[in-house]
Amino acid sequence: MEWFDSGWGLSLIVFLPLVGALILAAIPRSAEAGMKWVALVTAFGTFALAILLAVRFDYGAAAQMQFGTDLPWIEAINARYHIGVDGISLPLVVLSTFITTLVVIYSWNHWPEPHNPKLLLILTMILATGMTGTFVALDLVLFFVFFEVVLLPMYFMIGIWGDTSIRTVPVVHWEIEMRLYASIKFFLFTLFGSAFMLLGFLALYFKSGDAGARTFDILELSALGQAGLFAGTFAFWVFAAMFLGFAVKVPMWPLHTWLPDAHTAAPTIGSVILAAILLKLGTYGFIRISIPILPEEAKNWAWFIGVLAVIGIIYGSLACLAQSDMKRLIAYSSVGHMGFVMLGVATLTDIGINAAIIGMVAHGLITGLLFFIAGSMAHRYHTRDMNRLGGQMILMPKMGVILGFAAMASLGLPALAGFWGEFMSLLASFNPLPGLSVSLFRTLMVVAAIGTVLTAGYMLWMLRSVDFGEPTAEWRDHDFHDIDKYEWMAWAPLVVMTIAIGIYPAIVFNATNDAVVNLVAKAFGG
Amino acid sequence: MFASLTPMLAGFALFAEEGEHEVHAGDGGWLAEWAWMIVVVPLVITFLIVFFGKRSPWKGWGMATFGMAFVAVYGAVLAWVNLDEGILYEGAIEIGRIGSFTLEWGWVVDGLSIMMYFLVGVVGFLVFVYANGYMKGDVRYTWFFASFSLFAGGMLVLVSAPNLIQLIVGWELVGVSSYLLIAHYWEDFDNVDAGNKAFMVNKVADTGLFIGAIIMALSAGSFKFSEIFETMVGGNSTLAQFGFWAGLALFIGAMGKSAQFPFHVWLPDAMAGPTPVSALMHAATMVTAGIYLVARLFPFYQLPEYGGDVSMIITIIGAITLFFMGLLALVQNDIKKLLAYSTVSQLGYMMAAMGVGAYTAGLFHLFTHAFFKSLLFLAAGSVIHAVHSNNMSDMGGLRKYVPATFWTFMIGTAALVGLFPFAGFWSKDEIIASAYYNASEDPTAAAWFMVVLSIAGAFITAFYMARAVSLTFFGKYQGHGEPHESPKIMTVPLIALAAFAAGTGLLNAPGLTHVFTDWVTVRAFPIMEHHFEAPSWGLIAIVTPVVLIALAIGFYLYRPKQTQAERDEFSIPVLYPLLEQKYYIDDFYMDGIVRPTMGPIADGTLWIDENVVDAVPNLVAGGAKHTADAVNTFDQRGVDGVFNMLSAATGATGGFLRKAFTGRVQQYAAISFAGVVILALLFMIF
C-alpha cells in the first residue's frame, strides 16, 4: 500500500470522479444503463478508497497531515499542488464520497425533468471532485480552485433540472422561473463571497513575502500567522474578506437568502449535495484557514460570528415555523443548524470546534436524508405544500416513519448524530476561549438553547401536517408507491450512520479530537 | 432552614479525610458487571419488534413482555443481593473524547438505581401483560409494543446513567417514546396535539436540564456523577459559584418531566394515549424521572455551598404542585384526567420531600405510588374497556358489573388516600412527618407552608377519590348496554398490583421496618437526611381523621341520585369555575406564547427575510440590471440584463454549454476576478 499512503491514494480519491466524468462524456446518450453503472462504480470506488483512507489513517497522529503530496504547480506564483488529510478533514472527505455514492444510487430511477442523465451524472462527478478537493487542499490557490469548481455544476444543476414554477420576488416584483432565479442567485452570491475570499488569499500571499518567499501554503501561512506576521488592520481586512467568502457558503445570517431559494429550486440530488456537503465548505474554511492563519483576528471576530450564528438559529427556526412549503422548511432549518456549527466555531475552543465538525457530519447525514425524503414525496404528490398533505402514515407508512425518524434526528434527539453537535456547541459556549466575553457567550448559549425548542416546534409541526391525521380527499383514493428499493439503498445507510454516530460518536471524535486540540493549542497557546 | 445542614457538610469533609465509607457494600460481582443487560435487552427487543414483530408469534407482545420479565427478575435479584450485602458498582464504555472530556455509556448499580430497575421491571411487566388484553385488535398493535419497549429501554438508560450525558439521552428517549405513545391514535389531531404539547413543554424544560448539565460538567471537569461529587468533597469553588444556577437549571428540567407547576400542563393531555401508557409512563415511571434526578444529585442539593439554596425552591414548587394541581382533580369528569391531576399532585409530594431533605421518604412515595397509581389507571382502563367511555357521567353502579376491577380500584384508592395499612399511608405519612420535622427544626414560612399544604393535599386527595369511586362504581349504571368484566389477562395484573399497593408500605413502617431505607441509601456518597425511626403518631392522629372526614364528605356529596348529572352538581363559586379553566394556565401558554410565536412572530420573521434581508441583494441585482440597460455596455442581447441573459444560457438543455461558456457567466466571472486582482494590488500598495 506504499503507493496509496505516499499521496497517490488521496489524489485518486479527488480525481477519480473526474475520470468518471470523462468516461461518461464518451458514452453515447442512449446507453443510459451503462452511464449509471460507470457513475456508480466511480462513486463507490471513490468511497471505498475513502474508507481505505480512514482505515489506514494513523489516529494516534491525527493532528498531522497524512497521505500528503506536495508538488510544484504554478511556479511563477509559488502555488503548489499540496494536499493532505488530518483528523479534521478526514470525516468530511469520507462524508462527501459517501453522499456522492448515495446520490448516484438514488438517481437510478429518479431522473428529474428534462431528463439528460448523462449531463446530470457528469455534473455530479465534477462536484465530487470539487468537494473532496476542497477538503484536502493545503494550498490557497488549490483550495480556491476546488472551491470554485463546485460552483458551475451546481449552477447548472439548479438552472436546468430545477423547479419550473414561477416565483414572484418580493420588493422588486420580478416574475421569474424559480430555477432561473435560484441558480443565478446562488451563483452571484457565491461569486460575490469568493471574490472577496480570493482577495484575502492574495493579500496573505503578498504579505507572506515579508518573511521570506511568498507562499500560498496553508500550513506555512498558519505558522507565519501564529508567529504574529499578520496583525492589525491588515489582519482585520483579510479576515473580513475571507469571512465574506466563507459566511456566504455556510450560510450565515444575513447572507443566507440564496439558500432557501437554491435548496427549494434544486432537483433532489442537488439539494442533497448542497445541504450535505457544499455548506460545509464554508465552515471548513473557517476552521482550516481563518482560525489558524489569523488566530488573533479570529478572537476579535468571535463575538460577531457568535452573535450572527445565534441570530441564524432563532431566525432560521422562526422562518421555518412560518413555512408551508416542506422543502423550503428543510432549507431554512439548515440556517438554524449551521448556526449551531458556527456557534461552536466562534467559541474558538477545542470542544466548540469538535462540536462544529460532528455537527457538520450530522447535518450532512440528517438534512441529506430529509431532502431525499422531501424529493421523493414531491415526486409522488406533485406538491410540497404541507397544507395539502396529511395522513402520510396511512398513505405511505414507511415513508412516514422514515420522515419521522429524520425529523427527530434533525431536532437533535440524543442517541442520534445531531445531538452531539448541538449539545457540545452549547457546552463550549459556556466557557469560550479565555479573552472572549464570557457573559456574551453565556447569553448566546441560553438563546441558542431556546433555539432548540423552536427547532423541535417546527419539526413536530411538519410531522403533524404531513404524517398524521387522515388523508385529505385529494389523496384518499390515490394509490401511492411506498419507498422503493433504490430509495432504501440510498437512505438506509444514512439512517444507520445517524444512529451509529449517535451511539458511538468516537466515529468522528476519534479522528477530530487530537487534531482540534492541536489546532487550538497552536493558534491560541496551550 | 439550612442551618441544620452545616454539620452535614462537616460530616462530608470528615468522610473525605478519612476516605472511609459509611455504607458497607460489595461490588456485586458478575451480577453487577452484567447489569448492562437490563438496559440493552429492552432496546434490542425494540429493534427486533420493529423489524420482525409482525411476523413473530405474539406480534411483538411476547418479545416486549419477555424483556420486561427479564428486567423484573434481574432487578429483583439485584435488590435481594443489595439488601443482603449492598452493591456499589459502576461500569463504563468509552465512546469518544472531546477536549479533555471523556464520553461514556455506563451503568450504575447502587441502591437508587436498583430500586428503579426493580420498579420499571415489575410494573412494566404487569402493565405489558395487561396491555395484551387492553390493546387487542388495535390498529397498531405491534408498533405499540415497539414504542412501549423503546420507552422501557430509554427509562433504563436514564436510571442506569453514571453521567449527565447518558441521563440526558435516556431523558429524551423516554420523551420521544412518550410523544409516540400519546399520539398513538394519530388519525385524530387532538391526540397529535397532546403528543406535541408533551414534547414541547418538556423541550422547554429540557433547556434547563441541558444548561444545568453543562454548568455542572464544566465546573467539575467531568460528566460523571461520582467525579462531580468527588470535586464537591474536595471543595469545588467553580461549582460553588455556579451551584445555585446549575441546581436551578437542572431542577427546571426535573419540573418538566415530573410535571411540576408551571410545567404540569402536558400530563393531563397525555391521557390521550392508551391507558397502559398512562399507567406505566405517565403515572409510575417516566414522570418520576425528575424526582430521580434530584435524588441522584441529592448530595449536591443538600450542601448549602452548592445546590442548597435551590432546595427551598424545590420545596415550594413541590408544595404548590401537590395542593393547587391536586385541586384540579376535583372538577374532572374524565376519570383518566382526574387520575392524571392526582399524579401531578403526588409528584408534588415527592418533589417537596426531596426539597426538605427527606430522601428516603420521597423515594418511598415514588415506589409505592408507582404501584397504586398504575393500579388505579389500569383499573380505570378496565372500566373504560367495559363502558367504552372515559367520562364518569357515563358510568355509575359498575361495582356489580366489574367486581374484580372494583375491588382492586378500592385497594388502589385506599393506598392513594393513605388509609392504614395500605402503602400510601406509610409513604405519605413519612413525607408529612419530614415536612413537620423540617419546619419544627427550622421554622420558616416556607417550611410551615409545606406542612399545611401537605395535610390539605391529603384532604383533597381523599375528597376527589371519594367522588371518583362513588360516581364510577356506586349508584345506577348510566351508560348503554351491559358492561362486562375484563378478561383474566387484564384482571390478574390488577390483582398483582393490588397486592403491591396493599403491602409495600410495610417495607418502611416507621419504628418497625426500614428495609426501604436500607435499600436506597446504598450510595457511593453518603446520603445525609433526617431520619425518622419512630412513627409520627401525632401527625397520624391529625392526617387520618382528615382523610376520613374528606372521604365521608365526598361520599355524601356524591351519593347516588337519579342521574349522574344530578350527583355531580356540587360546586364552589369562583373556585370551581377557575378550576374548570385550569387556572387559565393552559390558555396563557397557548394564547400568550404558542400562537404568537407560530403566528405573527414567525410570519413576521419570514416577511422580514423576504422583504428586507433579501431585498438588498435583489435591489442590487436590479440596480445592476438597470445600469446595464442604461449604459448598454453589454451587447444588444443583454438589454434585459444579466438575468435574461443567464436564463437564455440555462433555459434549454441543448447547447446550453456553448451559450454559457461563450456567454455572460464566464465574462461576468472574468470581470469579477479582474476586479478582485486590481483590488488586491491596491490593497498591497496602501
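Two residues are in contact if their C-beta atoms, placed from the backbone, lie within 7 Å. With that in hand, here are some exercises on this predicted model.

**Exercise 1. Work out which parts of chain A build the side that touches chain B, and which residue classes are found there.**

*Step 1.* Start with the two sides of the contact: chain A brings 64 residues and chain B brings 59 residues.

*Step 2.* Next, look for elements of chain A that give two or more residues to this side: they are helices H6 (151–161), H7 (178–208), H12 (295–321), H14 (350–381), H17 (417–430), H18 (438–466) and H21 (506–524).

*Step 3.* Find the top contributor: H7(A) gives the most, with 12 residues.

*Step 4.* Sort this side of chain A by class, and you get 49 nonpolar, 12 polar and 3 charged residues.

*Step 5.* For the model's own scores, note ipTM 0.94 and pTM 0.91.

**Exercise 2. Take H6(A) and find how many of its residues are buried.**

*Step 1.* The cut-off to apply is 20 or more other C-beta atoms within 10 Å of the residue's own.

*Step 2.* By that test, 9 of the 11 residues in H6(A) are buried, and the helix is mostly covered.

*Step 3.* You can name them: A:Pro153, A:Met154, A:Tyr155, A:Phe156, A:Met157, A:Ile158, A:Gly159, A:Ile160 and A:Trp161.

*Step 4.* Set the helix in its chain, where buried residues make up 65% of the 526 residues.

**Exercise 3. Compare the radius of gyration of chain A with that of a compact globule.**

*Step 1.* For 526 residues, a compact globule would have a radius near 24 Å.

*Step 2.* Chain A has 22 Å, which agrees.

*Step 3.* Along the principal axes, the C-alpha atoms of chain A fill a box of roughly 75 × 55 × 50 Å.

*Step 4.* Add the fold's make-up: chain A has 21 helices and 4 strands.

*Step 5.* Of the chain A contacts with a separation of 6 or more, 79% join residues 24 or more positions apart.

**Exercise 4. Decide where in chain B the pLDDT falls below 50.**

*Step 1.* Begin with the whole chain: chain B averages a pLDDT of 85, and 87% of its residues score at least 70.

*Step 2.* Residues 1–21 of chain B fall below 50, and this stretch has 24 contacts beyond near neighbours in sequence.

*Step 3.* Residues 633–663 of chain B also stay under 50, with 42 contacts beyond four places in sequence.

*Step 4.* Where pLDDT is low, the predicted coordinates should not be read in detail.

How values were computed. Residues are numbered from 1 along each chain as its sequence is written. Chains are lettered from A and ligands numbered from 1 in the order in which they are written. This is a predicted model: local features need pLDDT of at least 70, side-chain atom pairs count only at pLDDT 80 or more; totals for chains, interfaces and linings use all residues. The radius of gyration is taken over C-alpha atoms; the globule rule is 2.2 Å times the number of residues to the power 0.38. A residue is buried if 20 or more other C-beta atoms lie within 10 Å of its own, exposed if 12 or fewer, and partly exposed in between; C-beta atoms are placed from the backbone. Ala, Val, Leu, Ile, Met, Phe, Trp, Tyr, Cys and Pro count as nonpolar, Asp, Glu, Lys and Arg as charged, and the others, Gly among them, as polar. pLDDT is the predictor's confidence in each residue, from 0 to 100.
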